[in-house]
Amino acid sequence: MASLLYRLGRFSYRRWWLVIALWIVGAVMLSGLSSAISKPFEDDFALPDSQAVEAQETLQEEFPQLAEDGSPGATIVFQSQDGERLDAGDNLTAIEAVVAKLHEIPQLTEAQRAAIVNPVVGPAASQSLSPDGSVAVIEVTLDAVPEGIETGVSEETIATVAEAKEIGRDAGLLVESAGAANEKIVEPPAELIGIVVAIAVMIITFASLLAAAMPLGAAIVGIALSTSIISIGTAFLTLGTSTTGLATMIGLAVGIDYSLFVISRYRHEATQTDDRSHAAGVAVGTAGSAVVFAGATVVIALVALSLTGMSFLAQMGMGAAVTVVLAVLVSLTVLPALLGLFKSFVFKPRVPLLWTPERRAGRTTIGQRVGNQLTARPIPYLIAATVVLVLAAIPITGLRLGLDTATQSDKAALQIERDAFGEGKSAPMIVVASADSAEALTTASAAFAAEAGSLPHIAEDGFIGPIPNEAGTAAQFIVISDSGPSSPESSELLDDLRLIADQVNSETGVYVGIGGVAAVQADFADALVGKLPLYLIVVVGLAFLLLMIVFRSVVIPLIASLGFLLSIAATFGVTVGFFQNGWLGWISPEDRGPILVFMPIFLIGIVFGLAMDYQVFLVSRMREEFHHGAGAQESIRIGYRAGARVITAAAVIMISVFAGFTLSSETFLKLMGFSMAAAIVFDAFLVRMIIMPTTMALLGDRAWWMPRWLDRVLPSIDVEGETLRSVPPTEVAVTDEAVSAAR
């Protein structure tokens with residue numbers, strides 16, 4: 001492989017104009033095709049073989065008005081800031097003024113306008129006013145706008161709702177809203193934060209503005225192309241709205257990292273030879289080999305998300321995998337082409353006061369001192385890093401999974417409503433009974449109500465029904481839990497309801513199913529947890545095999561995999577601490593809550609792939625030195641000295657890119673950005689740069705042990721660049737051919 005990549009890197013350097021032209025032509029063609037055939041992104045959270053989904057489908061069949069009621073709307077929430085009741089005095093007057101303004105919404109039929117009434121007086125108060133009278137809710141249903149507006153809400157409607165809210169606020173009330181008629185929060189440029197930090201880190205790393213800009217430029221090329229490909233995919237697949245955001249997050253991080261490793265190796269090789277095309281070839285042949293294997297582990301982890309059986313996860317994984325593949329290709333071709341374009345100007349002009357390889361020559365670097373210390377006294381550092389990870393993982397025992405699809409602009413209103421009316425009201429369980437005859441339906445409904453009506457964990461007045469359909473062939477019950485949809489109490493209530501439903505079905509032959517948000521969430525969690533063992537076996541197993549091929553060792557992949565389990569446990573722990581428990585008050589109350597139900601398996605896949613990046617980059621250099629005669633301890637020190645600076649820079653860049661997405665208004669991106677940033681902190685700095693070298697130092701030569709029979713079975717791939725080491729540039733082509741012929 002090293003010989004093949006050497007030739008690719010050297011060709012890209014020498015024929016830089018051709019390589020850049022081909023990429024430009026490809027980008028233009030993909031962009032044009034994307035504009036011509038792409039379709040809007042849509043979220044499709046389909047869940048196959050789900051009891052809750054079956055119940056929802058039965059509800060839509062038996063109660064068609066529920067399926068037809070797709071009109072947009074808004075939920076207006078009032079709260080008195082002084083705790084006084086809303087149904088008296090100035091508060092009542094203020095709400096009446098808001099209601100009058102809401103009647104001016106242009107997107108209302110006469111029936112819809114008449115349905116907007118004062119929520120704190122009359123019959124509406126029994127359902128819309130909180131028990132203490134301090135919170136009230138108005139539900140507004142709008143007439144759908146048929147032409148050209150995706151949300152179905154006109155700008156005039158949004159403006160009128162905003163004016164109505166201001167009337168209430170001016171009167172001293174806290175007024176928030178949720179729904180399609182709500183104002184949208186402008187998405188902050190999350191990527192820019194990571195880009196700014198990445199540029200600063202690369203300037204420090206290379207002491208050159210041009211060299212610092214090149215990895216970023218290469219990453220942007222890969223992201224632009226992958227975005228076009230993903231957009232083209234919308235013509236054939238239903239892709240979720242988070243697909244491009246996640247692909248951008250991962251593509252920016254790995255694109256910069258992969259290019260950073262290649263250009264760092266090029267700078268080292270350029271000090272060993274005057275033939276810069278040879279230096280570019282060696283850089284691509286060595287660091288590029290590590291890039292290929294690191295990228296392969298990420299792609300395996302992302303593509304394997306299809307094992308979950310959930311299309312939206314598989315599609316997001318495939319979209320991110322496309323970005324990773326392009327990041328690898330760009331680092332192997334576009335980057336050496338840019339090196340060929342700028343030639344000797346790559347590391348000029350140099351930034352004053354920053355260290356360069358020439359200025360560091362003969363000096364002991366920080367990486368060298370740290371590597372020496374870790375190998376000299378490995379046990380204390382190994383214990384300390386492990387203890388930190390274990391302590392960080394402790395909150396994982398309180399992990400709760402949920403499905404939060406609310407936008408950032410809706411969360412304040414929804415939080416007030418949950419606090420006032422209980423979390424269960426916003427996510428009721430819907431029980432549906434469907435029979436062939438009215439007599440059978442009556443018998444089944446009575447049997448279900450008799451058993452389920454007195455179950456624990458049902459809120460006061462939280463059991464409503466039966467509510468029959470017009471045909472008399474089905475009935476529904478509304479069951480409101482006294483706690484949130486992802487709480488243990490709601491899970492227990494759901495289990496009890498399903499047991500009773502099965503019992504009624506077996507006794508009467510009438511179908512009884514439980515749907516609703518809480519039931520869907522529970523089925524999502526069960527499905528994903530059930531698929532997790534298979535996913536881990538496939539992903540970790542394939543990556544373990546790749547690492548054995550790269551390092552020719554059984555022990556190194558084992559340490560890498562166990563270290564990953566520690567880092568992922570610590571990541572889940574701090575994520576629970578911040579997003580559920582509210583550590584340090586960093587996450588606002590409306591953003592706290594259960595962890596997104598599909599986040600754990602997605603995070604495991606992505607982080608495992610990224611973790612193996614640093615594993616390959618750091619340990620492949622150690623393997624290279626050990627393979628060429630250095631002792632076990634010396635090879636660790638040399639590899640650590642060579643890789644510590646650039647791996648630290650790469651990790652800081654990746655952490656910054658991910659952390660920038662915590663400013664996103666999308667819960668999924670905010671959560672993933674935080675958790676992946678935390679995962680890189682734990683895995684790169686504690687596992688790869690402390691636990692890995694200290695464990696290897698304790699094992700010595702045994703770290704590179706592999707049974708002879710296994711060594712013979714596994715394919716031999718030149719990742720360390722054995723055929724390129726210490727070979728004059730003029731002889732490389734001949735050597736490559738001779739080696740290929742010999743093999």
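Questions on a predicted model: sheets, packing helices and salt bridges

Me: In this predicted model, which residue of β2 stands opposite G73?
Reply: Strand β1 covers residues 73-80, and its pairing with β2 runs in the antiparallel sense over seven bridges. Strand β2 spans 135-141, and the residue in β2 that stands opposite G73 is T141.

Me: In what order do the three strands of the open sheet that holds β1 lie?
Reply: The edge strands are β2 (135-141) and β3 (173-179), each of which pairs on one side only. Neighbouring strands here are turned by 20° against each other on average, with direction ignored. The pairing is antiparallel, and the order is β2-β1-β3.

Me: Which strands of this sheet does helix α17 touch?
Reply: Two helices can be considered here, and for α8, which packs on the sheet, the strands touched are β1 and β3, with a direction at about 160° to that of β3. Helix α17 (residues 411-421) also packs on the sheet, its direction making about 110° with that of β3, and the strands touched by α17 are β1, β2 and β3.

Me: Which strands stand at the edges of the four-stranded open sheet?
Reply: The four strands follow one another in the order β6-β7-β5-β8, with antiparallel pairing. A strand with a single partner has one side left without a neighbour in the sheet, and that applies to the two edge strands, β6 (458-468) and β8 (511-516).

Me: By what angle are neighbouring strands of the four-stranded sheet turned against each other on average?
Reply: Inside this sheet, β5 (residues 429-434) and β7 (residues 474-481) run antiparallel and are joined by six bridges, and the bridge partner of M429 in β7 is V479. With direction ignored, the average turn between neighbouring strands of the sheet is 15°.

Me: At about what angle does helix α19 run to β8?
Reply: Helix α18 (residues 438-452) packs on the sheet that holds β8, touching β5, β6, β7 and β8, and its direction makes about 10° with that of β7. Helix α19 (residues 488-508) lies across β5, β6, β7 and β8, and its angle to β8 is about 160°.

Me: How far apart are the C-alpha atoms of T443 and T508?
Reply: T443 has its place in helix α18 and is partly exposed, with a relative accessible area of 45%. T508 lies 65 residues from T443 along the chain, yet the separation of their C-alpha atoms is 7.6 Å.

Me: Is K101 buried or exposed?
Reply: The side chain of K101 meets that of E163 in a salt bridge of 3.1 Å, N to O; this pair links distant parts of the chain, with K101 in helix α5 (residues 89-102) and E163 in helix α8 (residues 155-170), 62 residues apart. K101, E104 and E163 are linked in a network of salt bridges. E163 is partly exposed at a relative accessible area of 39%, whereas K101 has 18% relative accessibility and therefore, with the limit for burial set at under 20%, counts as buried.

Me: Why does E176 count as buried?
Reply: E176 forms a salt bridge with R169, their closest N and O atoms being 3.5 Å apart, and R169 is partly exposed, with a relative accessible area of 29%. Buried means under 20% relative accessible area, so E176 counts as buried because its relative accessibility is 19%.

Me: What is the distance between the closest N and O atoms of R688 and D683?
Reply: R688 is buried, with a relative accessible area of 1%, and D683 also counts as buried, at 1% relative accessibility. The structure holds 11 salt bridges, and for the one between R688 and D683 the distance between the closest N and O atoms is 2.6 Å.

Me: Which helix has the lowest mean pLDDT among the elements of the protein chain?
Reply: The protein chain averages a pLDDT of 80, and 87% of the residues score at least 70. Helix α16 (residues 378-393) has the highest mean, 94. Over residues 730-743 the pLDDT is below 50, and this stretch has 13 contacts in the model beyond near neighbours in sequence. The lowest mean, 41, belongs to the helix of residues 729-742, α26.

Key:
Residues are numbered from 1 along each chain as its sequence is written. Side-chain values use heavy atoms; hydrogens and water are left out. A salt bridge is a side-chain nitrogen of Lys or Arg within 4 Å of a carboxyl oxygen of Asp or Glu. Buried means under 20% relative accessible area, exposed over 50%, partly exposed in between (1.4 Å probe, protein chains only). Two strands pair if DSSP finds at least two bridges between them. Axes are lines fitted to C-alpha atoms, for helices over the stretch in contact, and angles run from 0 to 180 degrees between N-to-C directions. Contact means heavy atoms within 4.5 Å. pLDDT is the predictor's confidence in each residue, from 0 to 100.
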